[in-house]
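Open the model in your viewer and keep the selection panel at hand. We will go stop by stop.

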Amino acid sequence: LQDIIPQPLLDEYLSMTDPARAQTVDTEIAKHCAYSLPGVALTLGRQNWHCLKDTYETLASDVQWKVRRTLAFSIHELAVILGDQLTAADLVPIFNGFLKDLDEVRIGVLKHLYDFLKLLHADKRREYLYQLQEFVVTDNSRNWRFRYELAEQLILILELYNANDVYDYLRHIALTLCSDKVSEVRWISFRLVVAILQKFYANSASALGLNFINELVVRFRHCSKWVGRQAFAFICQVGVSSLCFCVYIKFG
């Protein structure tokens, strides 16, 4: 029980997940319920999350992907409302489920991936390093905006991990995206590569930076295809414009 919202009104809201109501009232009533849930959670406060927890889990497993997609787009906002402990206990399992869902649902968590990950403790956040590369693979390879969004998010996510983790995990994703078939994805990926080099410099990891540059030289500068050599030129252009290459003056 709670005394923030009149109980009959809250009961009426919670009943929106009843399948019978979708048949008799509105086929999209569950979607409306999912859309409003962060606002209801904010009104009730984290101390009353137990009133909404079962409803949220029911919506997260709804057969309609539009309902799950709505929750995926707002899970980062709900995490802010609930705080780190409730997020780790109740939202992380649902977040992990969304990561394996349809692309229409995954894009919701991808667009706010940085916002969600920064709310987690460092040890829990580090577990997702292994899963970030899964975003490169989509149900439809023509969905290039998905990969574009991934590159944009990775630029932000760099600050959440140390230089060694960036080199071991995120570097491979950046190199893959730099070879994407769509030029828009390649362009944002060049910015990601330069951001990684800046990360190494800021953390005094010049050895990692030089190793990465040597890898760029081998992979793109000496590429047999002109598009690879062009990619190297564009990476240099972005790097020079951001002045980050001043500390890595040696090129192959």
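Select helix H9 (144-157) and helix H10 (163-178): each supplies at least two residues of the lining of the largest pocket. This is a predicted model, so read every stop as a prediction.

Now show the whole lining. Pick Val136, Thr138, Ser141, Arg142, Trp144 and Arg147, which are among the residues that line the largest pocket. Add Thr176, Leu177, Asp180, Lys181 and Val182 to complete the lining. Colour the lining by class: four residues are nonpolar, three polar and four charged. How much space lies in the largest pocket? About 190 Å³.

**Zoom out**

Show the cartoon for the full chain. The protein has 13 helices and zero strands. From the N terminus on, every element in the run is α. Along its principal axes, the C-alpha trace spans about 70 × 35 × 25 Å.

**Helices H4 and H5**

Select residues 53-60 for helix H4 and residues 65-99 for helix H5. Their axes are 10 Å apart, and the two helices pack at an angle of about 145 degrees. The crossing of H4 and H5 is left-handed.

Turn on side chains. On the H4 side, pick Lys53, Tyr56, Glu57, Leu59 and Ala60. They meet a set in H5 made up of Val67, Arg68, Leu71, Ile75, Leu78, Asp90, Leu91, Ile94 and Phe98. By class, this contact of H4 with H5 has 10 nonpolar residues, four charged and no polar ones.

**Helices H11 and H12**

Move on to H11 and to helix H12, residues 206-221. The axes of H11 and H12 come within 8 Å and cross at roughly 155 degrees. That angle makes H11 roughly antiparallel to H12, since the cut-off for that label is over 145 degrees.

Which residues of H11 meet H12? Select Val193, Ile196, Leu197 and Phe200. Their partners in H12 are Ser206, Leu208, Gly209, Phe212, Ile213 and Leu216. The contact of H11 with H12 holds eight nonpolar and two polar residues, with no charged ones.

**Helices H11 and H13**

Keep H11 (residues 183-202) on screen and add helix H13 (residues 226-241). Their axes come within 9 Å, crossing at roughly 55 degrees. H11 and H13 are therefore oblique to each other. Look along the crossing of H11 and H13: it is right-handed.

Label Arg186, Trp187, Phe190, Arg191, Val193 and Val194 in H11. Facing them in the contact, H13 brings Val227, Ala231, Phe234, Ile235, Gln237, Val238 and Gly239. The residues of this contact of H11 with H13 divide into nine nonpolar, two polar and two charged.

Last, highlight Val193. This H11 residue takes part in the contact with H13 and also in the contact with H12.

Note on methods: Residues are numbered from 1 along each chain as its sequence is written. This is a predicted model: local features need pLDDT of at least 70, side-chain atom pairs count only at pLDDT 80 or more; totals for chains, interfaces and linings use all residues. Side-chain values use heavy atoms; hydrogens and water are left out. Axes are lines fitted to C-alpha atoms, for helices over the stretch in contact, and angles run from 0 to 180 degrees between N-to-C directions. Helices (H or I, at least four residues) and strands (E, at least two) are DSSP runs, numbered from the N terminus. Angles under 35 degrees count as roughly parallel, over 145 as roughly antiparallel, 65 to 115 as roughly perpendicular and the rest as oblique. A crossing is left-handed if the near helix is turned anticlockwise from the far one by less than a right angle, and right-handed if clockwise. Contact means heavy atoms within 4.5 Å. Ala, Val, Leu, Ile, Met, Phe, Trp, Tyr, Cys and Pro count as nonpolar, Asp, Glu, Lys and Arg as charged, and the others, Gly among them, as polar. On a 1 Å grid over the protein atoms alone, a cavity is a set of points where a 1.4 Å probe fits but cannot get out, and a pocket is an open set with protein on both sides within 12 Å along at least five of seven lines; lining residues have an atom within 4 Å of a point. Grid points are joined across faces, edges and corners, and a volume is the space filled by probe spheres set on the points.
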